[in-house]
Structure formats: structure tokens, C-alpha cells
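Colleague: Please take me through one part of this model in close detail. Then work outward from there to the contacts and the weak spots.

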Amino acid sequence: EGMLRTRHSVFFLFAILSLYCNSSHAIKVEKVVKLGAVATSFGITRLIDFQTFGFDEGGQVSFTAITEESDFDLSNIELFICNAREFADIVNGGDEKTKDCTLGTNLTDPILSEYMIPTRDLYHFLLMKTLQTDSSSESYNLYNYFVRLRYEMVNPNGQQLSVGDEHMPTTYLAFTIFWGILLLVWCFGCFWYRENRIAIHTMVVAVCFLKFIVVGMAYAYWMLAANTGVFHETISVIQSFFFAISETVFFGTLLLVAKGWRITRARLPTPEIRTIAAALVLLLSTLLFFSFYKDGYYFLSLMIMYFFMLPKIFTSITRNTRSLESILLMMNRDMADTSSVLSRIILLKSLWTSVILYLASILIVNALRVVMVWYLNWLNYAMNECVILVIVTMVSQMLSPAKKDLFNGRYILDSHVHLQRFVDDGEMEMGLLQHRSVPIDMTKVVIFQFPSAKTNEQNLIPVDLPLAIGVIDTGDGEDVLEDAESSEGK
């Protein structure tokens, strides 16, 4: 009942946001710009790049400026509107290249009340304080002035988003619907196959719900901007917070599945739990820190996240897969456990493939930002969201609660815990596998060390970490093992 009320509240929130987003009422952006000399890698510049906007031909921009200095004349401030090529020339050639800009005038020019953009391009808006000199030193006047600007930038048909961003509301609306469908399907599946449900399934539901919230807030953010011309930073901050949590829960789920929690083992050892907790806390902290820096550090955060977490996932998958394959080799083919072991091996190998594909896809998509044409900016976001949706869908299909062989409560590695102790050592593993010519029941295997490391006598005793391996048929393996451990040295 509490979950139902929560879902109703979420849908009600999005309904209110949609109604507000669809009420078209344009307002002007207000920004305070600090003017003066700025030290850059190219030297001293008086240019301030305060806005970038993609225009279609026929787009309009209007400016109103108010100075907060009583002795300062607005005619001393120049405004330059430069397309992408002209801005590149300024970056490479210095302030004198501003003479080639599409428009260059002072803030008191009446043309700024309603200026029409001549051609489709990505335009940069720059302000520059007019050069003033000191008669003795001919130096720049470096006094800073604050100017309050009110401006509105509108593309044809009243579109207030930049060209390249106008498809963002539709894109995120589509992904909100897709995530909502996946969430509903998973909730239904967990209810329908509730006898197979484990904690991993609850975590997958949490991932889908958090991703639904993230893309839903992105839709609200862009829809509000499209209708009002204002980007609400509060929504962006909340979205970044939920994004960090969703990625942490997702990678935490992958790591737990890779370690076989509730699939091959009923519980994880305490040291492994501590390692996982520390890794997830570090991951969450990194994501929260870098997510607020937006595009400047976004790619760096991806590098830290993926190259820190993925080795742990791959190592766990490799270790568990080798253990299961060793058990399978030493089993009789007609044993009932064979299908359970095979299904778990297939799960781990499929997870390995999916994570590799995800890593390659997400890196390629984010690298495309560097070469993507500016007016296809929305396509890069769509590709990124599509990759995340596809990988979560693939993992969801692998962990479907309908797969009874995976979630039948038979923890294979718990039944053969002694095998896990030496499976990482290839020489020891081969010592056991050389007896494969005779069908072996792993419940009837005892591992011995000779000579004993615990005493000075030449004794043959059961050990946890063997140096040599012998295989004997003991009848009831568990009873003999307990008796042998209790009778050390006999």
C-alpha cells in the first residue's frame, strides 16, 4: 500500500510538471556579467563569452542592459555576436579579430532591441569593455564593472531552445515512457514469480525506478526550458543526485551478481562485504563530486567509475565461472545439479559479454561528443540513454525471476566450498582434474596435505589450502571430513 501511494505521488508530480510545462509563457533571462580584463592562456583579454546559442535563420535576440555603476556609461561596453568560425578566429588571433564578427556594437545601440540572426549557426555572445588607457603607462584600465543583462533568444516558431536542443524534450519523454514500461514489467514479473524472487530482483526494480526518475526529471528540465527560456538549476542538481545513486545501485547489482550472491552462494564473507561497501561509497562520492561540474569533467568521472568498478566485476565473474566449470567437469553427466550449474555459468558469461559491450558503447558514445556536429547534440544524449536502457534491459532479462534453475535456492559453491579455496591455482586445479577419467562426485572428495604443516610429524591430514591433492572415495564425504578434522595427527 505504501509503495502504491509512492507511485501515485510520482505520477501526480509528473502530471503537474507536464501541465506547467505546456503553459507557454516566455520570459527573459537575467544575468549579471562582470566586465574587466581577464588573464587567459593567450594573454590579457577583455572579452567575456557569456552565452552560446544555436540559431536558425530568422531567429531573434533582444538585449536590455543596466549598469550598477553610477559613473559608468553603457556606451563603453561593446557587444559582439560571432558565429562558430568567427569565434575560432578570435580564440586564435586575439581581441582584434572581433571586427570580423557578425555584429559588433555598444549596448546602447537600438538595433539590440530586436536583432534578427542572418544565417543558421552556433553563435557566441561576447561583451568587452572599451579600451581606456593611462596617459603615463598606456596600460589597460583593469577596473571591474558589473552589468545586469536582460535578454531573450528565440528561434523561429517561438522555440526558445538552441538548435540542437529542440528535440531534447521529446527525446526524454520517449525514454521516460520506455523506463516506465520496463519498471512496470519488472514489478509484474516479481509479483507473478514471487516464489523465485530474491534480493537481487528488488535491486533491479530499484535501478529501473531510479532511472525512471532521472529521465523524468530531465524531461521536466528541458520542457520548462523550451517553454520559458529558463533552465532551472534546482531540477538539474536533483537529477544529478539521483543519477549518482542510480549508477551506484546498478553497479552494486552487477558486482553482487558477479560474486554469485543468492545465486551460487547464500551469503558473502565479511571481508568481501566490506570491500563492496567501500567500493560503492567511493563510487557514489566520485559521481556526486563530478556530476556538478557538468560537461567539463563528465568524461573523467566515467573513466574513474568504469575503470575502478569493472576490474572488480570481471575478477569476480572469472573466479566464479572457473569454480563452476571445475565442478561441472567433475560431475557425473546424469547428476541433477548439472542443469543448475550450466545455467549459472551461462549467466556469468552473458554478464561478462554485456558489461564489455556496455563499456565499449558508452565510451564510443561519449567520445562522439568531441566530433559530433553541434546541431546534432540531442542525438548524442539519445544514444547515451539508449545504451543505458539496453544494458539494463539485458541484465534484467538475464536475472528474470521466471528462470527457476537460477533461483531455486541451490547454492552450488556453498556445497563445494573447499573447491573455491584452490580453484585460482591452476597447478592445484589440474591435480584434481587429472582424475576426470573416473566420474567423481564432489560431495565425496576430501583434500589432504602431506606432510602436515601443522605438526612436525609426517602425518596425512585434511587441510584448507592443500599443497598436494589426492582423491578418494569416502562414502559420505561430509561425515568423514568432520571426523578427519577432529582427529588431526592420527
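Modeller: Start with the outward side of α2, which carries the exposed residues R85 and N92. This face is turned away from the buried side of the helix. Bear in mind throughout that the model is predicted.

Now turn α2 over. E86, F87 and I90 are buried there. These three cover an arc of only 100° around the axis, so they sit on the same side of α2. The helical repeat explains such a pattern: with 3.6 residues a turn, residues three or four places apart point the same way. What do the buried residues of α2 pack against? Their partners are three strands: β4 (47-55), β6 and β9 (121-129).

Next, the two ends. At the start of α2, N83 reaches in with a side-chain oxygen, within 3.2 Å of the backbone nitrogen of R85. So R85 appears twice: its backbone nitrogen has this neighbour, and the residue itself is on the exposed face. Just after the helix comes G94, with a positive phi of about 100°.

The disulfide belongs to this same neighbourhood. It joins C82 to C101, with an S to S distance of 2.1 Å. C82 is in strand β6 (residues 77-82), and C101 is in the loop between α2 (84-93) and β7 (103-106). The two are 19 residues apart, and the bond links distant parts of the chain. Note that β6 is also one of the strands against which the buried residues of α2 pack. Both C82 and C101 are buried. The S-S torsion is about 75°, which means the disulfide is right-handed. The count of disulfides comes to 1.

What about other cysteines? C187 is buried, because its relative accessibility is 16%. Its closest cysteine sulfur is that of C190, at 6.8 Å, which is too far for a bond. C386 counts as partly exposed because its relative accessibility is 37%.

Another of the packing strands, β4, leads on to a salt bridge. D56 lies in the loop between β4 and β5 (60-67). Its side chain meets that of R120 in a salt bridge of 2.5 Å, N to O. R120 is in the loop between β8 (115-116) and β9. The pair is 64 residues apart and links distant parts of the chain. D56 is partly exposed, at 26% relative accessibility. R120 is partly exposed too, with a relative accessible area of 42%.

The salt bridges number 6. Side chains of opposite charge can pair when their charged atoms come close. Another pair is E247 and K211, at 2.4 Å, N to O. It connects helix α5 with helix α4 (residues 199-228) across 36 residues. Here both partners are buried. E325 and K349 form a further bridge, with the closest N and O atoms 3.0 Å apart. E325 is in helix α7 (residues 295-329), K349 in helix α8 (residues 338-371). E325 is partly exposed, with a relative accessible area of 29%. K349 is also partly exposed, at 42%. Finally, K259, R265 and E272 are linked in a network of salt bridges.

One polar residue in helix α9 (residues 377-398) deserves a stop: N380. At 2% relative accessibility, N380 counts as buried. Its side chain makes a polar contact with the side chain of R369, at 3.1 Å. Beyond four places in sequence, N380 touches V365, L368, R369 and M372.

Two backbone points, both at residues other than glycine. N157 has a phi near 70°. It lies in the loop between β10 (145-154) and α3 (168-192), and is exposed at 85% relative accessibility. R262 has a phi near 60°. Its loop runs between α5 (233-258) and α6 (270-291), and R262 is partly exposed, at 29%.

Last, the weak spots. Mean pLDDT is 74, and 64% of residues reach 70 or more. It stays under 50 over residues 424-428, which have 7 contacts beyond four places in sequence. It also stays under 50 over residues 463-490, with 39 such contacts. Where pLDDT is low, the predicted coordinates should not be read in detail.

Key: Residues are numbered from 1 along each chain as its sequence is written. This is a predicted model: local features need pLDDT of at least 70, side-chain atom pairs count only at pLDDT 80 or more; totals for chains, interfaces and linings use all residues. Side-chain values use heavy atoms; hydrogens and water are left out. A disulfide is a pair of cysteine sulfur atoms within 2.5 Å. Helices (H or I, at least four residues) and strands (E, at least two) are DSSP runs, numbered from the N terminus. Buried means under 20% relative accessible area, exposed over 50%, partly exposed in between (1.4 Å probe, protein chains only). The arc is that of the directions from the helix axis to the C-beta atoms. Contact means heavy atoms within 4.5 Å. A polar contact is a pair of N or O atoms within 3.5 Å; within protein, one must be able to donate a hydrogen and the other to accept it, and residues adjacent in sequence count only if both atoms are side-chain atoms. pLDDT is the predictor's confidence in each residue, from 0 to 100. A salt bridge is a side-chain nitrogen of Lys or Arg within 4 Å of a carboxyl oxygen of Asp or Glu.
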